[in-house]
Amino acid sequence: MERLLPDAGSPVRENLLRIEETVAAACREAGRAREEVALLAVTKTVAPALINEAIRLGVTRIGENRVQEYLGKKDALLLKGVETHLIGHLQTNKVSKIVGQVDMIQSIDSLHVAQAVARTSQRLGRVTQVLVEVNIGGEEAKSGVPADQAAELVAAMGEIEGIRVRGLMTIPPISDTEKQKRDYFCRMQKLFIDIRDKKIDNVSMDILSMGMSSDYREAILEGSTMVRIGTALFGKRAAVLR
Ligand SMILES: *Cc1c(COP(=O)(O)O)cnc(C)c1O
């Protein structure tokens with residue numbers, strides 16, 4: 001938040017301050033340093049002008065869901081010093097469009113897509129930072145690798161040139177109670193530590209991306225190192241994009 005500028009009256013400014021307070025309070029409650037948790041502003045369906053306002057207010061990471069939408073907005077964004085992440089499901093036919101255009105892809109859930117990302121990365125002479133998306137609730141309609149196959153996928157990805165696994169990402173099932181929310185995040189944290197302890201070659205398990213507008217406090221209490229926040233920062237989205 002070093003670049004926080006006064007911009008009285010903007011809802012984004014108010015929202016950002018409130019989020020920052022909640023993040024700081026959750027870190028204190030968990031006995032963690034504030035620096036352990038990064039904020040990713042989720043900018044799907046948000047107009048470039050509003051995204052730029054958030055960036056001017058100190059946001060240094062943004063995440064988009066859809067390749068096409070991101071590529072359409074990218075040139076209007078003030079991205080100097082800002083990390084960009086793809087957080088939505090990635091289809092193989094979009095891989096060549098997005099590799100090289102974002103700093104990290106958080107939503108890899110199969111060896112097939114990982115190999116496609118690696119191939120394009122190698123062609124461009126780069127290494128793409130990736131997270132493995134885990135379907136921690138085992139929900140049928142959701143993307144993500146099943147929890148019991150995550151370690152195997154990470155290990156297989158460690159052997160591919162052109163990508164670097166940096167950690168895990170998840171979208172847990174919608175839960176009503178704090179206990180339910182924390183249970184899923186707790187399971188993710190255990191999985192993350194288990195895989196990290198394997199010390200797999202060419203894999204750095206340093207990012208655990210979990211927590212959204214409705215549950216980022218609980219995610220931080222259970223060890224999240226990156227919260228992905230859309231609505232709480234920019235307000236309700238006009239359209240629901242997944
Ligand atoms: C939309 C989205 C978010 C942010 O959701 P909010 O509830 O608006 O904070 C986070 N992660 C992913 C993968 C998303 O698609």
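**Helix 2, the cores and the ligand site**

Good morning. I begin just after helix 2, where Gly-58 adopts a positive phi of about 120°. The model I am presenting is a predicted one.

Let us step back into helix 2 itself, which spans residues 48–56. Which of its residues are buried? They are Ile-51, Asn-52, Glu-53, Ala-54 and Ile-55. These buried residues pack against several elements: helix 1 (11–30), strand 2 (61–64), helix 3 (67–73) and helix 9 (231–234).

I turn now to the nonpolar interior. In soluble globular proteins, nonpolar side chains tend to be buried together. Here, the largest nonpolar core has 66 residues. Which members touch the most other members of that core? They are Ile-105, Val-117 and Leu-168. Leaving aside residues up to four places away in sequence, Leu-168 touches Leu-131, Val-132, Val-134, Val-154, Met-188, Leu-191, Phe-192, Ile-195, Met-205, Ile-207, Leu-208 and Ser-209. Apart from the largest core lies another, made up of nine residues, and Ala-38, Ile-87, Met-169 and Met-226 are among them.

Next, please find Ile-98, in helix 4, which covers residues 95–98. Is Ile-98 buried or exposed? Its relative accessible area is 0%, so Ile-98 is classed as buried, the cut-off being under 20%. Beyond the residues up to four places away in sequence, Ile-98 touches Val-67, Tyr-70, Leu-86, Leu-90 and Ile-105. Ile-105 was named a moment ago as one of the residues that touch the most other members of the largest core. For a sense of scale, Ile-98 and Arg-32 are 66 residues apart along the chain, and their C-alpha atoms are separated by 34 Å.

Finally, I come to the ligand. Which residues surround it? They are Val-42, Lys-44, Asn-65, Ile-87, Ile-171, Met-212, Ser-213, Arg-228, Ile-229, Gly-230, Thr-231 and Arg-237. This shell divides into five nonpolar, four polar and three charged residues. Ile-87 appears in the shell and also belongs to the core of nine residues.

Three distances to oxygen atoms of the ligand deserve mention. From Asn-65, a polar side-chain atom lies 2.7 Å from a ligand oxygen. From Ser-213, a polar side-chain atom lies 2.5 Å from an oxygen atom of the ligand. In Gly-230 the atom concerned is a backbone N or O, 2.8 Å from a ligand oxygen. How much of the ligand's accessible area does the protein cover? On its own the ligand has 390 Å² of accessible area, and the protein covers 91% of that.

Thank you for your attention.

Methods. Residues are numbered from 1 along each chain as its sequence is written. This is a predicted model: local features need pLDDT of at least 70, side-chain atom pairs count only at pLDDT 80 or more; totals for chains, interfaces and linings use all residues. Side-chain values use heavy atoms; hydrogens and water are left out. A nonpolar core is a set of buried Ala, Val, Leu, Ile, Met, Phe, Trp, Tyr and Cys residues joined through side-chain atoms within 4.5 Å. Buried means under 20% relative accessible area, exposed over 50%, partly exposed in between (1.4 Å probe, protein chains only). Contact means heavy atoms within 4.5 Å. Helices (H or I, at least four residues) and strands (E, at least two) are DSSP runs, numbered from the N terminus. A residue is near a molecule or strand if one of its heavy atoms lies within 4 Å of it. A polar contact is a pair of N or O atoms within 3.5 Å; within protein, one must be able to donate a hydrogen and the other to accept it, and residues adjacent in sequence count only if both atoms are side-chain atoms. Accessible areas come from the Shrake-Rupley method with a 1.4 Å probe; for residues, only the protein chains shown count as cover. Ala, Val, Leu, Ile, Met, Phe, Trp, Tyr, Cys and Pro count as nonpolar, Asp, Glu, Lys and Arg as charged, and the others, Gly among them, as polar.
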